[in-house]
Structure formats: C-alpha cells, structure tokens
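Here's a quick briefing for anyone opening this one up cold. Have a look at the sequence and the model, then read on.

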Amino acid sequence: MRTYKLDSTYVLNYATAATINEDKGELRGKLDTVFDDIYCDEKNYELAEQKLMKTSIENVLKKSNLRLNDLELIVSGDLMNQLMTTYYGLRHISIPVIGIYSACSSSALGLIIGSNYAVNGKKVLVTTSSHYAAAERQFRYPNEYGLQKKEVVTTTTSGAGSIILTSKKHPIQIEAYTLGVIQDFNYKDVNDMGGAMSIAAYDTITTHFKDTNRSFKDYDYVVTGDLGSLGLSVLKALFKENGYTDSLDNLVDLGTMIYKGCPECYMGGSGCACSMLMLCGKYLPMIENGKINSLLYVPTGALHNPIAVFQKQSIPSIAHAIVFRKAV
Amino acid sequence: MTYIYGAIYCGLICVIGQFIYDHTKLTAGHITSIFVVIGTLLDFGDLYDKLLVLCGAGASLPITSFGHSLIHGTMFETQGNGFLGIFMGMFNLTTPGITAAIIFSFIVALIFKPKS
C-alpha cells in the first residue's frame, strides 16, 4: 500500500513568481509577480532563482497576512547542486528548513513531507523553484555555448511557487497521497526525458487507482508534471495498451500547457517550478472557485545526473501523486 | 567559379553536420571532431589541397581545414625530425586560429553577458 489518507490537511494559501516567458502562455495574467528579465535584477542566474523563490514566499505570506515567524517549517526543493537555491536563498531566516530533491517532482514530495508536519494548527510552507538558464548550465551546456536545441527537449521553467499548509479548515483539502517508486527502463536519451518519466507516471497513477479503487472518472483532472507532448502520448499509449477503457480526456500534462503557443519551447516546460506554477496559477484557483472538485496531481521527475550519463548509465525517474479536493 | 564551388563545399559540410545532429545522438563536439578527422584523411593524394584551389575560402573556412592544417604542420616537422616531429609540429599551422579563438572569446566574455 503506497497510498496514505490525510484527515485534515488544508491549503491555507498559495502564490507564485516567474519571469516574462511564463507570462505568455497558459498562465498569462495568473502569476503574482512577473519579472521582465530572466536575470530578475540580479547579477547571475543562480541569484535570480533565489530571488524568484524569496519573492514567491513573500507573496504567499502577504496574501495570507502572516509573518515568517508564524511558520513552523519550510520545505523547499530546487534543481541546483547541493540545493543551492534552498540553502543559500534561506540562509538568513530563523526557522527550520528541510531541503529536498526529487527533480521535477519535488513539489509533490515537499507537499507530502509538509502535510505530515502541518498538524495541530501548525503552518508549514512548501516551496519549489527552478530557473531555465541556471539549470541549463548545470545539466546541459554553458549558457555562452549557444547550443542548437533538439526537437524533443523541454524548456526548464523559470519561476517559483509557494504553498502554505495547515490543519485548520480551508477551501482546498489535501485528501491523500501516493508515494512513487523509482522506475528505470534503461532510457538513455537525456534530450527526451518525458519518455523516461511517463513510465513512472503510469506506475504511480495505476497504483493510486488500485489502492483507492478509483479511476479517471473519479477526478475532474489527472495532471502529470512535465512529460512534454511526446511523453504524454507515451503515457496515453501505455494506458490503452494495458486495457484502460476510460476516456483519457481529463489526463493532461502541465509541461505541455505552460508554454502554449511558444515554438521555441519545443516539447514544453519542465523543472521544479513548472508543475508548481501551473498548480498555484491555474488548478488551485479552479478548486477554490468551485470550477472543479477534485484533482490528481502527479508531478514527474527524471532523476538525471550528468556524471552518471557520461558514464553511460540510464535515467531513473519517479512520480508522486497528491489528491486535491474541494473541502466539504 | 571559385565562389560557386566554395558555397557548394561549405554548404555541403553544414548539411552533413546538421543531418548527423538531427538524426543521431552525437553532440556538436562529436561532429566537429569527425570533420577534423575527415579533413586530415582528405590529405591523402593531396585531395584537400586540390579542394583549396578549387573552392578557395569555401574549403579553408570549415573545420575540415583544421584537420588539414594539423597534418601539414606535422608532416613538415617530421621531415627534419622524424618521429618526434609529430609532437613538435602538430599545432604549428593552427596556432593563429587557436590563439585568435582564445583572445576573442576572452574579450567577448568581458563585454557581454549570456541572455539565455
């Protein structure tokens, strides 16, 4: 049994910060702070990512009328080596910090860990961030190199999202979560990680359905993190091949949607911030406004390590699932 | 005619490079290395020298010319020094190219910041 039920975990508030590129597609006008430049008025991309994270935290605190010291804990995830954004960005605050890494599925892991601390009225802040150019430099090639992109690559989202969890009743409830298992089917193409992650998404979603006796029709939306258009079609094919007769119309991919209408973004968005921005910018408001009732949120992470790839290792991947529901 | 041949040869190199990049897992680094080796191999029978006469800058500009210069520098030194010439002459003719690359990239790095 990999699915755990939560009795009273609620989303107190949520907020985002991103750059001009994220403001063009699906999230146009839905972001709390938008920086005109991907440097975010900082000296380098790493500092820019830290600024995005700090801005999203400030935004969510302001929205919910809280001060930093009202928080019990911050759970934070990012893509940088040694969790640079988390630990450097939060080094001057005086509350506990848990840094987590689960690649692009960090937002789900953060919410899972956070929900276990948000008990007895305590408030826990969960944040994740990523930055296109900082990730590009670390995982692929130097920014100055100006490499030609391949058709199947995804674009790391620049931005950060923060969610405050609490045990007191609020409109959005986190009802259950399903922990992912590391999957590795010997995928080796670093340019096409959607394919590798689709297997992890398939495993987690089917396990969740089996554990809870539910299926696609029990959710308004089942959203995967950042498979990209190619990965999403692999996932849909997996469901069809394995005898799922449900309509897959409500299975959508956040990475495919975030940069809608952007030809230079190729397969879509990725990164810790991609699924978090879409969750905070689009789906949580939909639940809050009563437009939808339930959401199965399944961010996927390619646990890709550049050194392992140089040593000709394959790319493992993981996906965690969380059920968001309108509180009754 | 040199202009036309030059455009054809240079364009052909680019087409081959793009084709390899799009259809294999090889990176830009692999592809340039392959072209350097091809340029060196084309020195057999003075083939590349003939291309240089025929295509002018069209043949001396692409990376294949780098391989051609490597082998010529090496061959020249080996005439006087034998086997040791391989180590002495390899970069003789390519020094200006390498040095220019280092100096210009240094200057550009001082002035500009990457945009993405």
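Helices (H or I, at least four residues) and strands (E, at least two) are DSSP runs, numbered from the N terminus. This is a predicted model, where local features need pLDDT of at least 70 and side-chain atom pairs count only at pLDDT 80 or more, while totals for chains, interfaces and linings use all residues. Residues are numbered from 1 along each chain as its sequence is written, chains are lettered from A and ligands numbered from 1 in the order in which they are written, and side-chain values use heavy atoms, leaving out hydrogens and water.

**Confidence in chain B**
- Chain B averages a pLDDT (the predictor's confidence in each residue, from 0 to 100) of 91, and 100% of its residues score at least 70.
- Among the elements of chain B, helix 2 (residues 28-41) has the highest mean pLDDT, 94, and helix 6 (residues 85-89) the lowest, 89.

**Unusual backbone angles**
- Most residues other than glycine have a negative phi.
- A:Cys40 isn't a glycine, yet its phi is positive, about 50 degrees.
- You'll find A:Cys40 in the loop between strand 3 (33-35) and helix 1 (45-63) of chain A.
- A:Cys40 is buried, with a relative accessible area of 1%; buried means under 20% relative accessible area, exposed over 50%, and partly exposed in between (1.4 Å probe, protein chains only).
- B:Asp46 also has a positive phi, about 55 degrees, without being a glycine.
- B:Asp46 sits in the loop between helix 2 and helix 3 (47-55) of chain B, and is partly exposed at 44% relative accessible area.

**Helix 3 of chain B**
- B:Tyr48, B:Leu51 and B:Cys55 are buried in helix 3 of chain B.
- Seen down the axis of helix 3 of chain B, its buried residues fall within an arc of 50 degrees (taken from the directions from the helix axis to the C-beta atoms), so they line one face of the helix.
- Turned away from that buried side are the exposed residues B:Lys50 and B:Val53.
- The buried residues of helix 3 of chain B pack against helix 1 (2-23), helix 2, helix 4 (57-60) and helix 5 (64-81) of chain B, where contact means heavy atoms within 4.5 Å.
- Just after helix 3 of chain B comes B:Gly56, with a positive phi near 60 degrees.

**A:Asp78**
- A:Asp78 lies in the loop between strand 4 (73-77) and helix 2 (84-89) of chain A.
- The backbone nitrogen of A:Met80 is 2.9 Å from a polar atom of the A:Asp78 side chain.

How values were computed. A polar contact is a pair of N or O atoms within 3.5 Å; within protein, one must be able to donate a hydrogen and the other to accept it, and residues adjacent in sequence count only if both atoms are side-chain atoms.
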